[in-house]
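Biologist: I am new to this one, and I would like to understand the reasoning behind the labels. Could you show me the structure and let me quiz you?

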Amino acid sequence: MAKKVIGSLKLQVKAGQANPSPPVGPALGQRGLNIMAFVKEFNAKTADLPPGTPTPVIITYYQDKSFSLELKTPPASFLVKQAAGLPPVGKRNRAKGSTKPGREVAGTISVAQVRKIAETKMKDLNANTIEAAMNIILGSAKSCGIEVKG
């Protein structure tokens with residue numbers, strides 16, 4: 001008999017750097033899940049990603065207090081800012097885009113870089129073709145204040 005699903009939970013945790021502190025500990029603890037088991041499994045699954053890469057994860061938890069993880073690709077804005085070569089700044093060590101997107105340019109990326117990002121994100125995007133995925137990534141770049149050059 002299949003396990004009974006109680007619910008699911010979405011978190012964004014840095015690759016290879018999960019620990020029991022917030023937001024992970026409280027989110028899992030209030031659902032009665034084993035926090036250290038999650039930390040070990042998540043860190044093992046994200047060992048091949050660059051450390052510190054924000055990684056969305058969907059945790060499906062079951063009646064017997066077990067869980068399964070589904071890792072997603074890093075956010076498009078993170079990949080766009082990384083491709084533009086923006087230096088990491090701020091409290092959370094994230095690259096910062098333009099403070100006035102549409103008026104100020106924070107950086108530039110090429111169409112080839114947009115295609116590469118779209119191919120990376122394709123499985124998580126709501127797009128059937130690579131061109132449609134590229135349009136989604138172009139929108140993310142525009143909202144970050146990053147210009148795309150031919």
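Biologist: What makes glutamate 131 partly exposed?

Modeller: Happy to explain, and please keep in mind that this is a predicted model. The relative accessible area of glutamate 131 is 45%. Partly exposed covers the range between buried, under 20%, and exposed, over 50%, so glutamate 131 with its 45% is partly exposed.

Biologist: How do you know that glutamate 131 forms a salt bridge with arginine 115?

Modeller: The cut-off is 4 Å between a side-chain nitrogen of Lys or Arg and a carboxyl oxygen of Asp or Glu. Here the closest N and O atoms are 3.7 Å apart, so the pair qualifies. Glutamate 131 lies in helix α5 and arginine 115 in helix α4, so the bridge ties together parts that are 16 residues apart in sequence. Arginine 115 is partly exposed, at 33%.

Biologist: Why do such side chains pair at all?

Modeller: In general, side chains of opposite charge can pair when their charged atoms come close. In this model the count comes to five salt bridges.

Biologist: Why is the contact between lysine 72 and aspartate 124 called a salt bridge?

Modeller: The N to O distance is 3.9 Å, and the limit is 4 Å, so lysine 72 and aspartate 124 pass. Lysine 72 sits in the loop between β3 and α3, aspartate 124 in the loop between α4 and α5, so this bridge joins parts 52 residues apart in sequence. Lysine 72 has a relative accessibility of 27% and counts as partly exposed; aspartate 124 is partly exposed too, with a relative accessible area of 27%. There is also a network of salt bridges that links Glu70, Lys72 and Asp124.

Biologist: What separates glutamate 41 and lysine 45 in helix α2?

Modeller: About one helical turn, because they are four residues apart in that helix. Glutamate 41 and lysine 45 form a salt bridge, with the closest N and O atoms 3.7 Å apart. Both ends are partly exposed: glutamate 41 at 28% and lysine 45 at 39%.

Biologist: Let us stay with that helix. How do you know that the buried residues of α2 line one face?

Modeller: The buried residues in α2, which spans residues 35-45, are Phe38, Val39 and Phe42. Looking down the axis of α2, they fall within an arc of 100°, so they line one face of the helix. The face turned away from that buried side carries the exposed residues Lys40 and Ala44. Among the elements that cover the buried residues are β1, α1, β2 and β3.

Biologist: Why is the pair of phenylalanine 38 and phenylalanine 42 called stacked?

Modeller: Ring centres must lie within 6.5 Å to pair, and planes under 30 degrees apart count as stacked. The centres of these two rings are 5.6 Å apart and their planes are at 25°, so phenylalanine 38 and phenylalanine 42 are stacked. The structure holds two aromatic pairs, and Phe38, Phe42 and Phe67 form one aromatic cluster.

Biologist: One last stop. What makes the link between serine 66 and aspartate 64 a polar contact?

Modeller: Their side chains come to 2.6 Å, and the cut-off for a pair of N or O atoms is 3.5 Å, so the distance fits. Serine 66, found in the loop between β2 and β3, also makes a side-chain polar contact with lysine 3, at 3.2 Å.

Note on methods:
Residues are numbered from 1 along each chain as its sequence is written. This is a predicted model: local features need pLDDT of at least 70, side-chain atom pairs count only at pLDDT 80 or more; totals for chains, interfaces and linings use all residues. Side-chain values use heavy atoms; hydrogens and water are left out. Buried means under 20% relative accessible area, exposed over 50%, partly exposed in between (1.4 Å probe, protein chains only). Helices (H or I, at least four residues) and strands (E, at least two) are DSSP runs, numbered from the N terminus. The arc is that of the directions from the helix axis to the C-beta atoms. Contact means heavy atoms within 4.5 Å. A polar contact is a pair of N or O atoms within 3.5 Å; within protein, one must be able to donate a hydrogen and the other to accept it, and residues adjacent in sequence count only if both atoms are side-chain atoms. Rings of Phe, Tyr and Trp (its six-membered ring) pair if their centres lie within 6.5 Å; planes under 30 degrees apart count as stacked, over 60 as edge-to-face and the rest as tilted.
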